[in-house]
Each structure stands twice: as C-alpha cells, then as structure tokens.
Amino acid sequence: VAAAGPSLARLLNTPLPRMSQIRVALPRLRNAVEAIERRFGPADAPQSAPQADVLAQARDALGPGGGGVAVLGRRALKAVPFIILGRQRVDIDAASLEAWLARVNREWRRAPQRLWYHHVLHIDPADPVSVRLGSWLVARASELNDGARGVSARYDLLNPACALAGMATAVCDGADPIGDIAAAGISADTMRRSRPAVAIVTATAEVLLQRPPRASSPMEVLGRFLGVGLGEVLKQADCSPEEGDTAAATAAEAAVRWCVAMGEGQDHVQPTLDFVLGLLGDPRRRVRPRRWTSPLITETTRELVERWLSIQTIEAFFRVVDATMRRTGDDRGRQMWAERRRFWMGYVQSVRKAWLICAAAAAEEARQLRVQYGSFVGAGVLPDHSGLMLEIGARTGRSVVVLEMSHVGRAAFWSPGNGSFPQPYEREYVRSSIIADARSGIGGSFALTHHVSWQGKFRDRILEETGVEWTR
C-alpha cells in the first residue's frame, strides 16, 4: 500500500493522507491494488535502486565466503536483481542463481512482474543470468499483467537470443517497441537510456545496411524509435564506451549509404551530415575525434563525408563573398567572383580538404550558413575579409594547398609539408604573413595574380604541382 500510494495519489491528483488517516479494510485495498497492477502494470515500478546498505548486504552475501543466498534477508533478497544484471553486474554462479530463484518462488509473491521490469531493461543474449531469468519468466507468464504479457509475446522479450534482433526488424518496419513497452509499465525515457536500446540501434542499423534503401532515412527510422536524437541517447545510455561507439559507427554507415543511394542531393546530404557529425564529431579537427578511428567506419564513408564537407565549405565561401558584395552594392565584383566560383568548382572532385577563414563580419554570414571556419587575425584585417583554403591532389600522390582570398588580387600556393605556412582546420590565420611569405617564395611557395586570362595560368600550375586537371 505504501509503495503504490504515491503513484495512485498523483494519478488521482489528490494529496496522499497519512497512513493513520486511512480508514479502509486493508485486505480489500490490497486486492484492488493487485487488480490494477495486473491490468495496467505496477503503480510504483522499481526504478530506484535499494538503499546502499541493502545492496551491500546482498553483494556481501553472494561474494566469496558470504554465506550465499540462504543468509539474505527479505530486503536483500529483492535487491539481488540490481547487482546481478547490467553492465557492472556481480558474477553469480548457476547454483546460486537457482537457489535465489527458488527463494523468490517461495517468498516474493509479486516477483514475476517486478523481475520482468529488470529483465527487459537488461536483455543480453550473452549473459547467462538474462537468459535464465527470461526462461523463468516464460514459465510464469500468466502472473504478468496484461500489458507485460502482450508486449513480451509481440517482441519475444523473454527470449534474449531473439528479442533484440526482433525489435530491430520491427523498428525498420515502422513499429514502436519503446512506446509499446512504456504502455506496459516501463517509461520511455528509462527504456531509451538502457543497454538494450543501444543494442537495438546497432541491430537496426545493421538491418538497414542489408536492405535496399527506402525513402525513410536511417535518421527518421531511428528518430521514430528513440523519440529523441541518437547522439543525446548515447550520452546518457547505460552502456560501455565500446557499445556506444559501435552504435554510432553503424548508424553513421547506414546514413551515408542511404544518402548515396538517394543520389547525394543537398536535401539528403545536409541531414546526413548533421546526423553523422552529431554522432562521430567533425573529422576536420586537427586531432580527429576518436569515433572516426572505428574499424566499422569504412574508408569510403570517410572520403564521402569529407568531400561533402568540402563542397559545403566551398559553396559557403562564395556565398559569404557574394553577401559582402551585395551589401556594398558591388555588382561588378559579384560577376568577378562568380567566375572564380566556376573555376574552383572544376577541382571539387580532387579537393582533399577545404576550410573557410573569416574576419568578424564575414563570420556572421558563415554562422548563418552553419559551417565551421577559422579566423583571420593580425594587422590589416578588415571585417569583410574571407578566404578559402583548399588542398588539391589526386587520391594518392602530390598535392598543393591554395588560399583564395577576398579583397586581394592574388592567390597563395604552398606544399602541405611546408612548415612556414599554416594548414587547413586551424583556428587562426595571420593573413598578412601568408600573403607576404607566398610572394617571397618561402619553401617553394608562390602567388598567382587574377589578371586577364588568369584561369589558364592557374590550371597549368596546379597540373604541374599535382597532376590534377581542371574539369568542367
């Protein structure tokens, strides 16, 4: 009664009276509560772990020399699921597990419904305790409430060997396991933070990788399943870093594959990039985020994401410059920069890296475009200054770094290994130093001016430096 009271009080929107004020026949109230729980699930599901001293008693009893299941008090007996299930579980041998289940049969009348809750939140086909608890619940399915029994049958929840893969397939087909389980008594928020939810994400992504791509993207499928962004779930989930990394990498692979199958249109590329970067981080950092090193991320995916980011960056640079020209009413300048855009887009398939660099006013435009950028600093920098740094080269072999800049009549060129010059993805760039050093030819660097028929001169030098030809 005391356990069910708070939940019932909230449901009825009325204060809970003190126990001394309750004037009802307790057997009748107990029977009513049991009937409600059989139909709708526990009023106060075991969402919080027992007190630390009770957990310690259970852990000590099951440990070496602790006396075993026989010495467990009533509260410690009910605390056992909290220490034998989950990622940080205490090992329990088969004999002790059977002894505990035997005592549960005799002494814990509501055990099936309570242990169903623990089982669902810790389904693990590789864990003997999860497998045995599932079979124990199968034999007592009639003692579960209608909701738990129904959802268990629908998704085979009591069979850990099949449950996760079955739910993954159901998710791909549009089902809502989390919602269905929530209706049976486990909150959606609790379920989506569980290890099984992360395992289902991985299994769902694997199913999507095996199926022909559909109109519904992996982002939409997983979004419907989780109800929130996958990145947020992985931050809070009760899973190991390796399990989270596996889910993130597999989901990212499925998203990129879907985008390619859909034709790589901008309407598909942008949400895919948002999803992948949210899971794996931005690969353009000087130190690549850890998840990008996963063996589950194929080299094709790495190259595609970096190419999409490069195209996005190149487009953003010319939009930033165009916004500057529009703001000053420079129509002739807009036409000149449209020609430069056509030229540099001819190398887009051979761009290894692309990075936008902005001064203060240009950065405002970049933020509106939701692109990453570095900053121009130092003497002579004006608010509208911007630059586009490209590393151009074949997949293997030579390459050259180019810095095209607004408000200057030349572009700077240097080799990626030239330590006198900065590289893409840095936070700050001293504009005046780059221009001066390129003009002086430090380390084989050079500068080319945008005079009449400049395109031919640029194409010839890039071909000489990299072996890459310009394409229309």
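In this predicted model, Pro218, Met219 and Leu222 of helix α13 meet Ala251, Ala254, Ala255 and Trp258 of helix α15. Two packed helices are described by the angle between their axes and the distance between the axes. For α13, which covers residues 218-226, and α15, the angle is about 135° and the axes lie 9 Å apart. That angle makes α13 oblique to α15, because angles count as roughly antiparallel only when they are over 145 degrees.

Helix α15 also leads into the interior of the protein. The largest nonpolar core has 87 residues, and those with the most contacts inside it are Ile84, Trp100 and Trp116. Helix α15, residues 241-261, supplies the largest share of this core, with 10 residues. The surroundings of Trp100 give a view of the packing: with residues up to four places away in sequence not counted, Trp100 touches Val69, Leu72, Leu77, Val80, Pro81, Ile84, Trp108 and Leu115. Apart from this core lies another one, of 33 residues, among them Met325, Leu356, Ala366 and Ala411.

Stepping back to the whole chain, one finds 21 helices and 7 strands. Of its 472 residues, 47% count as buried, and the accessible surface comes to about 22,900 Å², of which 51% belongs to carbon and sulfur atoms. Among the contacts with a separation of 6 or more, 66% are accounted for by residues 24 or more positions apart.

The strands can be followed next. An open sheet is formed by 7 strands in the order β6-β2-β1-β3-β4-β5-β7, and the pairing in this sheet is mixed. Its edge strands are β6 and β7, the latter at residues 446-449, and each of these pairs on one side only. From one strand to the next, the twist averages 25°.

Strand β1 shows both senses of pairing. With β3 it runs antiparallel, and 7 bridges join the two strands; here Cys358 has Ser386 in β3 as its bridge partner. With β2, by contrast, β1 pairs in the parallel sense over 2 bridges, and the bridge partner of Ile357 in β2 is Gly374. Of the 8 residues of β1, 6 are buried, so this strand is largely enclosed by the rest of the structure. Towards one edge of the sheet, β5 and β7 pair in the antiparallel sense over 4 bridges, and Ala412 has Ala447 as its bridge partner in β7.

Two helices can be placed against these strands. Helix α17, residues 299-328, lies across β1 (351-358), β3 (386-393) and β4 (399-405), and runs at about 35° to β1. Helix α20, residues 431-440, lies across β2 (374-377), β4, β5, β6 and β7, and its direction makes an angle of about 50° with β6.

Arg439 is found in helix α20 and gives a residue-level view of how that helix meets the sheet. Its relative accessibility is 58%, and it therefore counts as exposed, for which the cut-off is over 50%. Even so, with neighbours within four places in sequence left aside, Arg439 is in contact with Arg410 and Ala447. Ala447 is the residue already met as the bridge partner of Ala412. Arg439 and Ala411 are 28 residues apart in sequence, while their C-alpha atoms are 9.7 Å apart in space; Ala411 is also one of the residues of the 33-residue core.

Finally, two loop residues deserve a look for their backbone geometry. Asp156 has a positive phi of about 55° although it is not a glycine, and its place is in the loop between α8 (146-155) and α9 (160-172). Tyr425 likewise has a positive phi, of about 80°, and is not a glycine either; Tyr425 sits in the loop between β5 (410-414) and β6 (428-430). How do the two stand with respect to the surface, buried or partly exposed? Asp156 counts as partly exposed because its relative accessibility is 35%, whereas Tyr425 counts as buried because its value is 11%, and buried means under 20%.

Terms used:
Residues numbered from 1 in each chain as written. Predicted model: local features only at pLDDT ≥ 70, side-chain atom pairs only at ≥ 80, totals over all residues. Heavy atoms only, no water. Buried < 20%, exposed > 50% of the residue type's maximum accessible area, 1.4 Å probe, protein only. Pairing = 2+ DSSP bridges. Axes fitted to C-alpha atoms, helices over the stretch in contact; angles between N-to-C directions. Contact = heavy atoms within 4.5 Å. Core = buried A, V, L, I, M, F, W, Y, C linked by side-chain atoms within 4.5 Å. Areas by Shrake-Rupley, 256 points an atom, 1.4 Å probe, with all protein chains shown as cover. Parallel < 35°, antiparallel > 145°, perpendicular 65-115°, else oblique.
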